[in-house]
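Subject: Handover of a structure

Dear colleague,

Please find below the structure that I am passing on to you, followed by an account of what was found in it.

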Amino acid sequence: MTGTLSYLAFFLTEVLVNFIAVLGLNVQWGFAGLFNVGVAGFVGIGAYVSALLTVPPWHGAPGPGHVGGLGLPVLVGWAGAVLASAASAAVVGVATLRLRADYLAIGTFGIAVALHELAANAQGLTGGPFGIAFIPHLLAAVPPGGLARGLLDLAITALAAGAAWLVIDRITAGPFGRALRALAQDEAAAASLGCDPRRLRIQAMALGAAAMGLAGAVQASLIGYIAPGNFVPILTFQVWAMLVVGGVGSHRGALFGAFAIWGLWSAAGSLFAAILPPSMATGGASLRIVAIGVTIAISLLWRPRGLSPPGRIVSRFLR
Amino acid sequence: MTTLAVENIVAGYEKGLPIVRGVSFAVAAGEIVTLLGPNGAGKSTLAKAVAGLVPEREGDILLDGARVTVPAHALVRAGIAFVPQTENVFARMTIRENLEIGAAVLPRPRRAGRIAALLETFPALATRPTLPAGRLSGGQRQMLAIARALIPEPRVRLLDEPSAGLSPALVSGVFSDIAAIAAKGVAVVLVEQNVAAALGIAHRALVLVEGRVAHDGPAAPLRDGKLLARLFLGHVEGAEAA
Amino acid sequence: MNPQFLADGILTGALLGLGGVGLTLAYSILRFANFVHGDFLTVGAYAALVVAGALSQFLGGSGIGPFSFGWPLIIALPVAMAATGALALLLDWLLFRRLRRRGEEIVLVMASFGASLAVRSLIEFAFTPEPKYYSHDLQIAMPLGFSVRATPDQLAVVVLAGVAGIALHILLTRTAMGRAMRAVAENPALARVAGIDPARVVRATWWLGGGLAALAGVFLGLTVQIRPYMGFDLLLPLFAGVILGGVGSVPGALAGGMIVGVAEALAVPFIGAAWRGGVAFLLLLAVLLVRPQGLFGMER
Ligand SMILES: Nc1ncnc2c1ncn2[C@@H]1O[C@H](COP(=O)(O)OP(=O)(O)O)[C@@H](O)[C@H]1O
Ligand SMILES: [Mg+2]
């Protein structure tokens, strides 16, 4: 019973962490029409920056020559994660946003690849392939494991996700969101009304990446350990699948999408583990990725606006 | 003797927003019909609609009395050639390559001969056939565009403002070429802003105002200008009267 | 500077150029950044592995002359190119064609990103993540002068890549299909007016792009190793080379790939071999900031 409850808490925690990242992607794609192929990179920046800021200097990672962290409070680490992610997204935006739309895709893909390389190779800074361990939990007093910790984790994540939702909803419902929608509908008209399209888009990139950075920081402090393998293209893809399935442009849809795709992901994992012999465990992991890929392809083909359609005002602007 | 007939064309770029709103006309072999009208009247849209390049189109196009149902790229083989108003040559390809693309719809043995014939008709193009078309002057570009469209010997030619951006001397050259083409039995639809020159060679004139035909008749009576001015400004007068 | 790094860079550059040609053609004719393209290299390499493996049962597995490969791989090469082209067409038919009709290019990019993941994972499922080789024979690198050494296979790859580049140039400038492809890339509406069937050009583009990717993939497998991520790991340098050369320009793709390959190799002595992606990314950023139309590109 507690086992099931523990698992449920863990499952919902993961759903909510992903939801935070999907919120960010929704700002970028759902409102501003910006195609970000580097979600994993921005989540990774958040995770690594928060880890480096919060890990105590004497612990560090198991790798040799690690410079160690600054031992700052966890919330400071989260704030740093948000800022670092937003800043790096702004840099990519500055370089690519005056060009064709898919240059942004290539640029964000590039930053994700380069950051993954940095994480995997800059041993002195990131621990290299060993990653960074002993990342402090927000409530260090509660021992890890057990139902209580699971429920606490869920509560913390729910708070973070709720805060992100509230902030992003406020921003996107206000003048900034209206300007973004106007821009998506008719760039020339929006520009003539005094919006600077490029600046708006860079801001949307940064705001979205801020949420992704928060997701990375929250995840890092809950699990206590990060490694380069956590921030690979499949993560980008999961977040995209969540957004597309949940309904582009709708924050509530993002929550539903995170739930559905994470559920599918977990169920596919259990299913393949059950039907494939243990010798084919890696094969099962691959098939699970194929399942996600096919899901998103089907949703793109048949439900381009997702299963939970956005409100009437938004849908009018999204074609 | 009607070669091309256009019947009740309604066309535009978005559903529910027609630019051309129910236009019909016919062109006979050897006849030049000029399409006149104020800027934004929908002349180019009508020409593009006949050429199959507009996303929303209703109505019928008949060639020798038979409904044309083939996609845009097959119209050349069916005998309808279109020269767009702008971007009507492949700027990154050489003069010769532009002509070779025009010839590609012909059976292989005829290609070289047709290219040579067109280079003879337009000697300005023959001097440096390996020059990229993007480096040509406006007049030479226009000639190249017309030459490319002429290679397959189409029976119907749609020309959208062939005189745009040309010096007066070049205009008369291009227009006498067009008259010569028609004299060989080609049906020509000539969209023009240069009203005087167009009426000079056209047999019939169609005036398009706000996507509708405001006048369809012989070209000669329009040459004195007064009737034409009234037609162009017709909608303004209507507004004053109201 | 050690000329050996330059030589290694030229090898990588030749592969990037060959792989980049298909990417740049798809980009300019189909009008989207195709993220599956890297995985086409992988598909080609594995297809050749399977076919060559089957053939070596009948033809024997020994190499010809100084090369590690023999008739099985030589016969497998065109088969792999055709198989990869066919896969590209299949993906187009299942996915891209339908999305193209809706005219939202960025959705195409997204779909290609998903397809890339699915294709790669299917390969990983079928062949496991373990690296594979066309031949387990060790090749001795021959001295070429200037203290540069290269294996016969590496030399063959560079020469064949050059030959493929020239053949492609002839195809694009001297044949009707080649001109049609360039015409659609430059001005799709005018191409239709001129009587070019866009569907035929799209099919030719997938065949050509897929085939060349497979060629680059086999060469990559021959000189490095065959892994499920081999092509995807090259995607960023491939994009960098294509954009550096100017999207749509075939000579640009060849030259851009060569520049990226050599730049990566020259950076190795200073920052180590693990930073290839970073070098490609910095090059990409620099091009986008300074000359976004690329070296050979035209203003769009
Ligand atoms: N590609 C296009 N997409 C949307 N609207 C267009 C396009 N081309 C022209 N229009 C609109 O169609 C109307 C008629 O344009 P056009 O046919 O070019 O007129 P004309 O050739 O008579 O000057 C104009 O209001 C113009 O804004
Ligand atoms: Mg016009």
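How much of the accessible surface of chain B belongs to carbon and sulfur atoms? The share is 55% of an accessible surface of about 10700 Å². Please bear in mind throughout that the model is predicted.

**Chain B as a whole**

Chain B contains nine helices and ten strands. Its C-alpha trace extends over about 60 × 40 × 35 Å along the principal axes. The radius of gyration of chain B is 18 Å, which agrees with the value near 18 Å that a compact globule of 242 residues would have. Of those 242 residues, 50% count as buried. If one takes the contacts in chain B between residues at least 6 apart in sequence, 67% of them join residues at least 24 apart. As for charge, chain B carries 25 positive and 21 negative charges, and the mean positions of the two groups are 7 Å apart.

**The open sheet of chain B**

Four strands of chain B form an open sheet in the order β2-β1-β4-β5, and their pairing is antiparallel. The edges are held by β2 (18-28) and β5 (66-67) of chain B; each has a single partner strand, so one side of each is left without a neighbour in the sheet. Eight bridges link strand β1 (residues 2-12) of chain B to β2(B) in the antiparallel sense. Within this pairing, L4(B) has V27(B) in β2(B) as its bridge partner.

Strand β1 of chain B also includes N8(B). This residue has a positive phi of about 50°, although N8(B) is not a glycine. With a relative accessibility of 53%, N8(B) counts as exposed.

**Strand β9 of chain B and its partners**

Is strand β9 (residues 204-209) of chain B buried or exposed? Six of its six residues are buried, so β9(B) is largely enclosed by the rest of the structure. The side chains divide between two directions: R204(B), L206(B) and L208(B) point one way from the strand, while A205(B), V207(B) and V209(B) point the other way, and all are buried.

Strand β9(B) pairs with strand β3 (residues 32-36) of chain B in the parallel sense, over four bridges. Here L35(B) has L206(B) as its bridge partner in β9(B). Strand β9(B) is also joined to strand β10 (residues 212-218) of chain B, by six bridges, and these two strands run antiparallel. In that pairing, V207(B) is matched with H215(B) of β10(B). The strands β9(B) and β10(B) form a hairpin with two residues between them, and E210(B) in the turn has a positive phi of about 50°.

**Chain C as a whole**

Chain C has eleven helices and two strands. Along the sequence these elements follow the pattern α-α-α-α-β-β-α-α-α-α-α-α-α. The C-alpha trace of chain C spans about 55 × 45 × 35 Å along its principal axes. Its radius of gyration, 19 Å, agrees with the value near 19 Å for a compact globule of 300 residues. Buried residues account for 56% of the 300 residues in chain C. Among the contacts in chain C between residues at least 6 apart in sequence, 76% join residues at least 24 apart. The exposed area of chain C is about 11700 Å², and carbon and sulfur atoms supply 69% of it. Chain C has 19 positive and 14 negative side chains, with the centres of the two sets 10 Å apart.

**Two loop residues of chain C**

R31(C) lies in the loop between α1 (3-30) and α2 (37-59) of chain C. Its phi is near 65°, a positive value in a residue other than glycine. The relative accessible area of R31(C) is 24%, and the residue is partly exposed.

D233(C) belongs to the loop between α8 (198-223) and α9 (235-245) of chain C. At 42% relative accessibility, D233(C) also counts as partly exposed. How far apart in space are D233(C) and G38(C), C-alpha to C-alpha? The distance is 7.5 Å, although 195 residues separate D233(C) and G38(C) in sequence.

**Contacts between chains**

Two pairs of chains are in contact, and of these chains A and C share the most contacts. Chain A and chain B are joined by no contact; their closest C-alpha atoms lie 13 Å apart.

With kind regards

How values were computed:
Residues numbered from 1 in each chain as written. Chains lettered and ligands numbered in written order. Predicted model: local features only at pLDDT ≥ 70, side-chain atom pairs only at ≥ 80, totals over all residues. Heavy atoms only, no water. Rg over C-alpha atoms; globule rule 2.2 N^0.38 Å. Buried < 20%, exposed > 50% of the residue type's maximum accessible area, 1.4 Å probe, protein only. Contact = heavy atoms within 4.5 Å. Areas by Shrake-Rupley, 256 points an atom, 1.4 Å probe, with all protein chains shown as cover. Lys, Arg positive; Asp, Glu negative; His and termini not counted. Charge placed at Lys NZ, Arg CZ, Asp CG, Glu CD. Pairing = 2+ DSSP bridges.
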